[in-house]
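Thanks, everyone. I'll take a few minutes on one structure, starting with a cavity and then going to the strands.

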Amino acid sequence: MTAGATTDASDSGSSGGPTSSDSASTAAPCEQLTLCPTTTAPDPSTGTSTGDATTQGPLTTSTTDPNTPADPCDGVGDGPHCGGELGGLADHSSLYQCAGGSTQSATPCPGGCEAGACKPIAQDPCASAMSGNGLYCGGTLMGGDAMVLYNCQNGATAGQTSCSAGCKVNPPGVADACNPEGDPCQGAMSGDGLYCGQSLPEGDPNDLYDCTGGKTANKTVCPDGCQVNPPGVADACKAVPNGGECCLHVPPGVVTQAFSACGNGGSHYGIDYGVALGTPIYAGIAGTVVGQQTGLPNCYDNGCSMQCWNAFNYVKLKSDCGDPNNPANDLFVYYLHIDSLGPAIQNGSHVDQGQLVAYSGNSGCSSGPHIHLETVSVPKGQSASLNTCSSENPLGDFCP
């Protein structure tokens, strides 16, 4: 089970990433960025170019409103303004100091921004537990201790456990847990092979351990639980019915910025979830990795200039199910601002629903660690682009 975040941040739905990694001190040239309105580039998935999109990283294109101002403070009065009041490129969870139509400073607001001031943070970390009652790693709770496992009941902390070996964030619907202090495979009594965690001392019952020589060679999170088999038969993850649900699992974290694109009062093309750095991101739906970018640093401190706005890391999935709400369309799922990819994740990798695909990060123009989730529905066979009216509200795709 996963929930809120120690640091809250959001983006304005920017898209893509440079085709090569830049150092933290070097901004990408303008011609590599989607915010250069006169630049066009071929879409690698179709081999064609468009007049209103540029290509950012493998199989990813983006369009942006040419009338969007370069500076969030352009055209507003002097003084403090919440990013949500400014719209466009503004980070909705930051407080901007504007003077002369320019941004003088931008301060992240972990508890959000309202009426020209940062909102106070709730004292109890469990007030940010967004997935109901249960066990949460503190790193996923606003104001929580990353080394503590919180028992959250009705928005309040009912108990907490110190995790000396760290706390493990599990997929949605699975309670978080303290990492075992020793190697569970030390207790593998039947030799090398696959063991469910409940068969091993200090093992996580939701994990399948590959034990070799009394040590864990690898382990896999089992989205539907782990099946303990009779002696002589290797344990295994329980099969996901029908290969997975044709709906999208909700990412971990606290919602810090909602969807507001295309006539809904703003220009944010996804939903932002504030999380701790390194929070595991599990595939919300089964599909194929069709684009990814890693190695780019955070660029928020330079004022989120045009040169770095789209220079962030991401992974892009094409759903096996197509668009559950429109059989004529394909559905693409983007996770933006990631830090790194999961093991063996690369272009062409097939992932099951609930499989680890990435770890959350703070790359690009981000005021704090978060996951930007964007879903794009396009006619079957077409390539998806970020920041268009084909980006739909992910709420309509979530599993009930």
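Start with the residues around the largest cavity: Pro172, His249, Val250, Pro251, Pro252, Ile281, Tyr282 and Tyr335. Keep in mind that this is a predicted model. Sorted by class, that lining comes to 7 nonpolar residues and 1 polar one, with no charged residues. His249 is the polar one, because proline, valine, isoleucine and tyrosine all count as nonpolar and histidine does not. The volume of this largest cavity is about 50 Å³. How many cavities of 30 Å³ or more are there? The count is 1.

Now the strands. One open sheet has 3 strands in the order β15-β16-β17, and the pairing is antiparallel. At its edges are β15, residues 193–196, and β17, residues 215–221, each of which pairs on one side only. On average, neighbouring strands in this sheet are turned by 30 degrees against each other, ignoring direction.

Within that sheet, β15 is joined to β16, residues 207–212, by 4 bridges. If you want one pair to find on the screen, take cysteine 196, whose bridge partner in β16 is leucine 208.

Last item, a hairpin. Strand β11 covers residues 148–153 and strand β12 covers 156–162; they run antiparallel, with 6 bridges joining them. Tyrosine 150 stands opposite glutamine 160 of β12. Which residue takes a positive phi in this hairpin? That is asparagine 154, with phi near 55 degrees, and the hairpin has 2 residues between its strands.

That's what I have. I'll leave the model up.

Methods. Residues are numbered from 1 along each chain as its sequence is written. This is a predicted model: local features need pLDDT of at least 70, side-chain atom pairs count only at pLDDT 80 or more; totals for chains, interfaces and linings use all residues. Side-chain values use heavy atoms; hydrogens and water are left out. Two strands pair if DSSP finds at least two bridges between them. Axes are lines fitted to C-alpha atoms, for helices over the stretch in contact, and angles run from 0 to 180 degrees between N-to-C directions. On a 1 Å grid over the protein atoms alone, a cavity is a set of points where a 1.4 Å probe fits but cannot get out, and a pocket is an open set with protein on both sides within 12 Å along at least five of seven lines; lining residues have an atom within 4 Å of a point. Grid points are joined across faces, edges and corners, and a volume is the space filled by probe spheres set on the points.
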